[in-house]
Amino acid sequence: MIYLSEINDEYFTIGEISFNEEMESVFSDKEILWEDVKSIQFSKSKDDVNIQLNNGEHFHLPSDTSGLISLFKNMPASVANSDKEYIEQIYAELSSCNVCGNIAVWQQQCNVCHSDQNDVKDNNPAVELENIKEEQLQLFATYEENEAIDWEFHLDPHFKRDPNWKLLVTEEEIMAFSRENTWDEEL
Ligand SMILES: [Zn+2]
C-alpha cells in the first residue's frame with residue numbers, strides 16, 4: 001500500500017507498507033523535495049498520478065491514495081501540471097469526514113486523518129456511530145502516559161471544516177483507549 005505523508009510546502013513523503021516473510025509490516029519512506037519535482041500529472045484514465053522528478057525518477061500513485069489532494073494543495077507553481085481544471089473539480093466535490101470534520105474526502109479517503117470512509121460507513125446507523133467513535137479514539141490517542149491529547153493536529157488550513165461535525169468520544173474514553181492500546185507500543 002502506498003501513502004503520502006508529511007506534506008508541506010518544502011517536501012512530501014511517499015511511503016510504502018509491505019510485509020516481510022514473517023508477515024511483519026515493513027515501512028519504507030522516501031522524502032521528496034518540491035524543488036526536485038518536474039511534473040505531476042494524472043494519467044489519461046485519471047486512475048493514477050505520475051510524479052516525475054528532475055533526475056528522471058518517477059512514481060505512480062493510484063488516484064485514491066490518501067493525501068493526494070493535500071499534495072495538490074501544497075504543489076508550488078514550479079511544478080508542471082496541466083490538470084488544473086480537473087483538480088478544481090475535485091476540490092468542489094470534496095465531502096466531509098465524520099471522523100475528523102474536515103471537508104477533505106475524495107474517493108472515500110480522508111486527506112487529513114487518512115480514514116477510509118468505506119470502513120466507517122454502515123447501513124445500520126448504530127454500527128456507523130460505533131465505527132466513527134473507534135476511528136476518533138485512534139485519531140486522538142496518546143502514546144505515553146503523561147502525554148496530553150492534541151486536539152488541534154487534525155486542523156488543516158488547506159481544508160474547510162464541516163460545522164456540523166461532532167466529536168463523539170470524551171477525553172476519559174480517549175485516555176482509557178490509549179492506556180489499553182497505544183501506551184508503551186513500540187513505534
Ligand atoms: Zn478525516
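1. What radius of gyration would a compact globule of 187 residues have, and what does the protein have? A compact globule with this number of residues would have a radius of gyration near 16 Å, and the protein has 18 Å, which agrees. The model is a predicted one. Along the principal axes, the C-alpha atoms of the protein fill a box of roughly 50 × 40 × 30 Å.

2. On burial and contacts: 21% of the 187 residues count as buried. Taking contacts between residues at least 6 apart in sequence, 47% join residues at least 24 apart.

3. On secondary structure: the protein has five helices and nine strands. Read from the N terminus, the order of elements is β-β-β-β-β-β-α-α-β-β-β-α-α-α.

4. One open sheet is made of three strands in the order β4-β5-β6, with antiparallel pairing. Strands β4 (37–42) and β6 (58–62) stand at its edges; each has a single partner strand, so one side of each is left without a neighbour in the sheet. From one strand to the next, the twist averages 15°.

5. Within this sheet, β4 pairs with β5 (residues 48–53) in the antiparallel sense, over five bridges. A student who wants to find the pairing in the model can look at I40, whose bridge partner in β5 is I51. As background, strands of a sheet pair through backbone hydrogen bonds, either parallel or antiparallel.

6. Another open sheet has three strands in the order β7-β8-β9, and its pairing is antiparallel. Why is one side of β7 and of β9 left without a neighbour in the sheet? Strands β7 (95–96) and β9 (109–110) stand at the edges, and one side of each is free of a neighbour because each has a single partner strand. Strand β7 pairs with β8 (residues 103–106) over two bridges, in the antiparallel sense. In this pair, S96 stands opposite I103 in β8.

7. On domains: the protein is divided into domain 1, covering 1–78, and domain 2, covering 94–187. Their C-alpha centres lie 23 Å apart. Seven residues from domain 1 and seven residues from domain 2 take part in the contact. What classes of residue make up the side of domain 1 that touches domain 2? That side has four polar, two charged and one nonpolar residue.

Methods. Residues numbered from 1 in each chain as written. Predicted model: local features only at pLDDT ≥ 70, side-chain atom pairs only at ≥ 80, totals over all residues. Pairing = 2+ DSSP bridges. Helix = DSSP H or I, 4+ residues; strand = E, 2+ residues; numbered from the N terminus. Axes fitted to C-alpha atoms, helices over the stretch in contact; angles between N-to-C directions. Domains from an automatic or database assignment. Contact = placed C-beta atoms within 7 Å. Nonpolar A, V, L, I, M, F, W, Y, C, P; charged D, E, K, R; others polar. Rg over C-alpha atoms; globule rule 2.2 N^0.38 Å. Buried ≥ 20, exposed ≤ 12 C-beta atoms within 10 Å, placed from the backbone.
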